Amino acid sequence: MASKTGLYVLAIALALAGGLLWFVNRQKPAEANAPLSADAKAYVRNLQLSGVSMKATSSYVGQTVTEIEGKIGNTGNRVVQHADVYCVFYNSYGEVILRERVPIVVSGLKPGETRAFRLPFDDIPGSWNNQMPQLVIARIEFA
């Protein structure tokens, strides 16, 4: 009986040690969520969104998916390797109910180039005001 208790204690101790080791060594997403660098802030004006529209569709499982579609153009002189936007959804009182960061450029966008994007959302709270969300550039990485 005592050896059985010892095994339980050892198993719990190993699980706790493993959890602690994971917690200490996990990757922290601080860099991914860092504010725009000075270069990126200065370059934001060169990323132009156009033809932005919103539509709702049904997924194959019957769930409503809201899609934001449009084009992003690079009017600057640098290649944008990656870019993210915050899509900020509001309720009818003007309060933020969802702020989601999504990639809008996932492979190099050259100077003078314009590319279509599609941003699907299936987890918007029911209190959403059904208006176009605010789109804010959150990250720019240059090639």
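A salt bridge is a side-chain nitrogen of Lys or Arg within 4 Å of a carboxyl oxygen of Asp or Glu. I wrote that down before anything else, since Lys 55, Glu 67, Glu 69 and Arg 118 are linked in a network of salt bridges. I also noted that I am working with a predicted model.

**Entry 1: the overall picture**

I began with the whole protein. I found 2 helices and 6 strands in its secondary structure. Reading from the N terminus, I get the order α-α-β-β-β-β-β-β. The protein has 143 residues, and 27% of them are buried. Its accessible surface comes to about 9500 Å², and carbon and sulfur atoms hold 57% of that.

Next I looked up contacts with a separation of 6 or more. Residues 24 or more positions apart account for 70% of these contacts.

**Entry 2: the sheet 1-2-5**

I then turned to the strands. A reminder to myself: strands of a sheet pair through backbone hydrogen bonds, either parallel or antiparallel.

One open sheet has 3 strands in the order 1-2-5, and its pairing is antiparallel. Which strands are at the edges here? They are strand 1 and strand 5 (114–121), and each pairs on one side only. From one strand to the next, the twist averages 20 degrees.

I followed one pairing in detail. Strand 2 (residues 64–74) and strand 5 run antiparallel and are joined by 8 bridges. One residue pair I could point to is Glu 69 with its bridge partner Arg 118 in strand 5. I had already met both names in the salt-bridge network.

**Entry 3: back to the network**

A search of the whole structure turns up 8 salt bridges. I picked out Lys 55 and Glu 67, whose closest N and O atoms are 3.8 Å apart. Lys 55 lies in strand 1 and Glu 67 in strand 2, so this pair ties together parts that are 12 residues apart in sequence.

Glu 67 has another salt bridge to look at, with the side chain of Arg 118, at 2.6 Å from N to O. Here the linked parts of the chain are distant: Arg 118 sits in strand 5 and Glu 67 in strand 2, 51 residues apart.

Is Glu 67 buried or exposed? I found it buried, because its relative accessibility is 8% and the cut-off for buried is under 20%. Lys 55, with a relative accessible area of 39%, is partly exposed. Arg 118 also counts as partly exposed, at 46% relative accessibility.

**Entry 4: the sheet 4-3-6**

There is an open sheet of 3 strands with the order 4-3-6, and the pairing in it is antiparallel. Why is one side of strand 4 (96–105) and of strand 6 (134–142) left without a neighbour in the sheet? These strands stand at the edges and have a single partner strand each, so one side of each stays free of a neighbour in the sheet. Neighbouring strands of this sheet are turned by 20 degrees against each other on average, direction ignored.

I counted off the pairing of strand 3 (residues 80–90) with strand 4: they run antiparallel, with 8 bridges between them. Cys 87 has Glu 100 in strand 4 as its bridge partner. The hairpin of strand 3 and strand 4 has 5 residues between the strands, and in it Gly 94 takes a positive phi near 80 degrees.

**Entry 5: Asp 84 and its surroundings**

Asp 84 caught my eye in strand 3. With a relative accessible area of 9%, Asp 84 is buried. What does Asp 84 touch, not counting residues up to four places away in sequence? I listed Arg 101, Val 102, Pro 103, Ile 104, Val 136, Ile 137, Ala 138 and Arg 139.

From that list I followed up Arg 139. Its side chain meets that of Glu 141 in a salt bridge, at 2.4 Å from N to O. Arg 139 is partly exposed at 22% relative accessibility, and Glu 141 is partly exposed at 33%.

**Entry 6: a patch on the surface**

Last, I looked for nonpolar side chains on the outside. Leu 49, Val 52 and Met 132 form a nonpolar patch on the surface, and together they have about 200 Å² of accessible area. I located Val 52 in strand 1 (residues 47–58). Val 52 counts as partly exposed, at 30% relative accessibility.

Technical notes
Residues are numbered from 1 along each chain as its sequence is written. Side-chain values use heavy atoms; hydrogens and water are left out. Patches are made of residues with over 30% relative accessible area and no salt bridge: like charges are joined within 9 Å, nonpolar side chains (Val, Leu, Ile, Met, Phe, Trp, Tyr) within 5 Å. Accessible areas come from the Shrake-Rupley method with a 1.4 Å probe; for residues, only the protein chains shown count as cover. Helices (H or I, at least four residues) and strands (E, at least two) are DSSP runs, numbered from the N terminus. Buried means under 20% relative accessible area, exposed over 50%, partly exposed in between (1.4 Å probe, protein chains only). Two strands pair if DSSP finds at least two bridges between them. Axes are lines fitted to C-alpha atoms, for helices over the stretch in contact, and angles run from 0 to 180 degrees between N-to-C directions. Contact means heavy atoms within 4.5 Å.
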